[in-house]
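Student: Hey, can we go over the empty space in this protein? I'd like to see cavities and pockets.

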Amino acid sequence: MKQNIYIFFFLCLSFNNGSSQPLEQILEEHYKAIGMEYLKEVQTIRYKGHYVNHFLKKPGKDIHEKFLKPDFVLSIDKQRSYLEQVFGKYGEDAYAYTNNKFWRDPSGSEPYERNPTEKDKLRIQLRTDIEGVLYNWEKKGYTIKKMKDAVFKNGRFYKIRLTSPEKDTLYYYINPQNNLIYKMSYSGDLTDGNEYRSVTFMKYKKVQNILFAFKQIQRSQMLDGSFADRETVISEIEINPKFDKELFDVNKRVKNLKTN
């Protein structure tokens, strides 16, 4: 009788910490949870909301409220184009990717072609993949491995490591209670005691049968080496909007294209 109790306790423990879940089952449950059957049909998407820049000081004579909480509109044409429009104190500041080129249109200055860091390129690559890199990962050229479960203050999470075709390493942490992504790290395991660029996904809401995180916290490294947060607070998501044909057309916005 005592032996049976020990066996039962061990099975319950294994089930609760998720260690016995195979990778394929974790991914299938994740797809089902977010509504992948609907998400994979999305070709265009538009996000509206505002950012909260925690790395800036409180509003004062030198820092306008719009620097701390600028509005944004993010428009994406799946795997093709990306346009992030940020509306601050001095007007629109735009960042875009289209026709394999990156460019910026700063408010008050001429637009120019730019060469972003590899991390920024990866960030845009992840955003233009609307369905997410965990779906059809093999066809997209990623390699994937289920790691030992991660433990954070609020519980135990599945940990999955992805390696991109460009050899970037991504870590995804999935909540076994709801099968949704809790965190994503760009370059290292968040449980190894070090700081890394990462995103925490919160306040999931359903839009047309698809779950989206309406609050995201980006943790980034500053120029002095320290880390600070910026929140993305989404107020509206449009599924398959019809974009103006000229929205992503660089030639319509760039009069004197310069190379950064």
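Tutor: Let's take the cavity, then a pocket. This is a predicted model, where local features need pLDDT of at least 70 and side-chain atom pairs count only at pLDDT 80 or more, while totals for chains, interfaces and linings use all residues. Residues are numbered from 1 along each chain as its sequence is written, and side-chain values use heavy atoms, with hydrogens and water left out.

Student: How many cavities of 30 Å³ or more turn up?

Tutor: One, from a search of the whole structure. A cavity here is a set of points on a 1 Å grid over the protein atoms alone where a 1.4 Å probe fits but cannot get out.

Student: What's the volume of the largest cavity?

Tutor: About 30 Å³, counted as the space filled by probe spheres set on points joined across faces, edges and corners.

Student: Which residues line the largest cavity?

Tutor: Tyr-47, Phe-72, Leu-74, Arg-127, Gln-216, Thr-232 and Ile-234 (lining means an atom within 4 Å of a point). By class, four are nonpolar, two polar and one charged.

Student: OK, switching: what about the second largest pocket's volume?

Tutor: That pocket has about 340 Å³. A pocket is an open set with protein on both sides within 12 Å along at least five of seven lines.

Student: And which residues lie nearest its centre?

Tutor: Of 19 lining residues, Ser-81, Thr-98, Asn-99, Phe-248 and Asp-249 do.

Student: How does that lining split by class?

Tutor: Six nonpolar, five polar and eight charged; Asp, Glu, Lys and Arg count as charged, Ala, Val, Leu, Ile, Met, Phe, Trp, Tyr, Cys and Pro as nonpolar, and the others, Gly among them, as polar.
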